Amino acid sequence: MMGPSHALSGSAAWLAGSWALDQFANVSQSPLEVAVGTAICAGGALLPDLDLSGKVTKNQGGATVARTFGVASLFVAEVVEKFSLGVYTATKLSRDPRRNNGHRTFTHTIPFCLLIGWGTTTLASKYGEWAVVGIVFFMAGLALRGLFDKWAERAGWVIVTLASALIAWFTAANLDGNRGYPLLGMAVGVGCFVHILGDMITKNGVPILWPIPIKRRMWMMIGIPNKMAVKVGGKVEVVILRTVFTAISLLSIAGLFIPSLLEKLNLDVWASK
Ligand SMILES: [Zn+2]
C-alpha cells in the first residue's frame, strides 16, 4: 500500500481499538490521549517503509516516510535499508535468496515492532518531556504527511515542520507521564504492526514469522496469494480501502465521544431546570 493508505489504516486501527477498550474493558482515555495515540499510530504505520531508500545525492525516490524531512530522512532511509540488509544477510539460511536491497526485511518483522515500541517508551520515561517533544515531532510529521498528503504538499515542508513542532510542544506540556509514555510506545508499535498487516495483502508479502526458521528459510515472505493481492496504488486501495479506513475512524470517534457529549448536554439541561 502507499503511504496515505498505511497512515489511514494506522489511525483507523488505533481509534477502533480505543473504542473497543472503552466499550468492553472500561478503559477510558482523555480526548488528548486519543488524539496523540491516533497521530502516533498513523505515523508508526509509515515507519517500516523507512527501509525504502532513494537516491540521497539526487534527492529522489524513497517512500513517503523517507521524504518527510527531505534529504535528511532520505539519508536515514539509506542507513535503515543497509542495516536491514545486514540483518537479513547475517541471519539468512541456506534457502533464503541472496539480496542486495533491504526493503521489506527487518523493519517488517514483529521483533522490530516490539523493539521500536519498547524503545519509544524507554526514551520517554528516561528523558521525559524533551524526549517526548522529539518523538512526537517526528511521528506527527510522518502522520501529517501521510494523512493529509495533498495539504502537506501544498503547504510545503516549513508549514508541516512548524505544525509538527506545535503538536509536539502541546503534547509534551499536557501528556501525563504515567499513562502517556507507555501509550506513546504502544502507539508506535501497533502502527508498525498495522503496516506489516497492510503489506501482507499486497504482492510479495512480508517476513512476518522472522526469526522462526521454516524449511531452511528464516525470511519466508508471507501474504495472500499474488492473484488476490491488492495492487499498490490501484482502485481497490485508493478508493475502497481508504474509504473503509476513513469510515472506521469516523465511527470510532463518534462512538468514543458522542455518548459522553450527550451525557454532558443532558446534565446541563437538568441543571438549568
Ligand atoms: Zn512496507
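**A zinc site and its salt bridges**

The site of the zinc ion is irregular, with angles of 91 to 170 degrees among its four donor atoms. Four donors count as tetrahedral if all angles lie between 85 and 135 degrees, and as square planar if opposite donors are over 155 degrees apart and all others between 65 and 115; anything else is irregular. Keep in mind that this is a predicted model, where local features need pLDDT of at least 70 and side-chain atom pairs count only at pLDDT 80 or more. Residues are numbered from 1 along each chain, and side-chain values use heavy atoms, without hydrogens or water.

Let us meet the donors, meaning N, O and S atoms within 2.8 Å of the metal (3.2 Å for Na, K and Ca). Asp49 (OD), His108 (NE2), His195 (NE2) and Asp199 (OD) coordinate the zinc ion at 2.0 to 2.2 Å. His108 sits in the loop between helix 4 (70–91) and helix 5 (110–127) and Asp199 in helix 8 (residues 177–200), so this pair ties together parts 91 residues apart in sequence. Helices here are DSSP runs (H or I, at least four residues). His108 is buried at 0% relative accessibility; buried means under 20% relative accessible area, exposed over 50%, and partly exposed in between (1.4 Å probe, protein chains only).

Asp199 has a second role to follow: Asp199 forms a salt bridge with Arg104, the closest N and O atoms being 3.4 Å apart. This pair links helix 8 to the loop between helix 4 and helix 5, 95 residues apart. A salt bridge is a side-chain nitrogen of Lys or Arg within 4 Å of a carboxyl oxygen of Asp or Glu, and the count comes to six.

Conventions. Tetrahedral: all angles 85-135°; square planar, octahedral: opposite > 155°, others 65-115°. Helix = DSSP H or I, 4+ residues; strand = E, 2+ residues; numbered from the N terminus.
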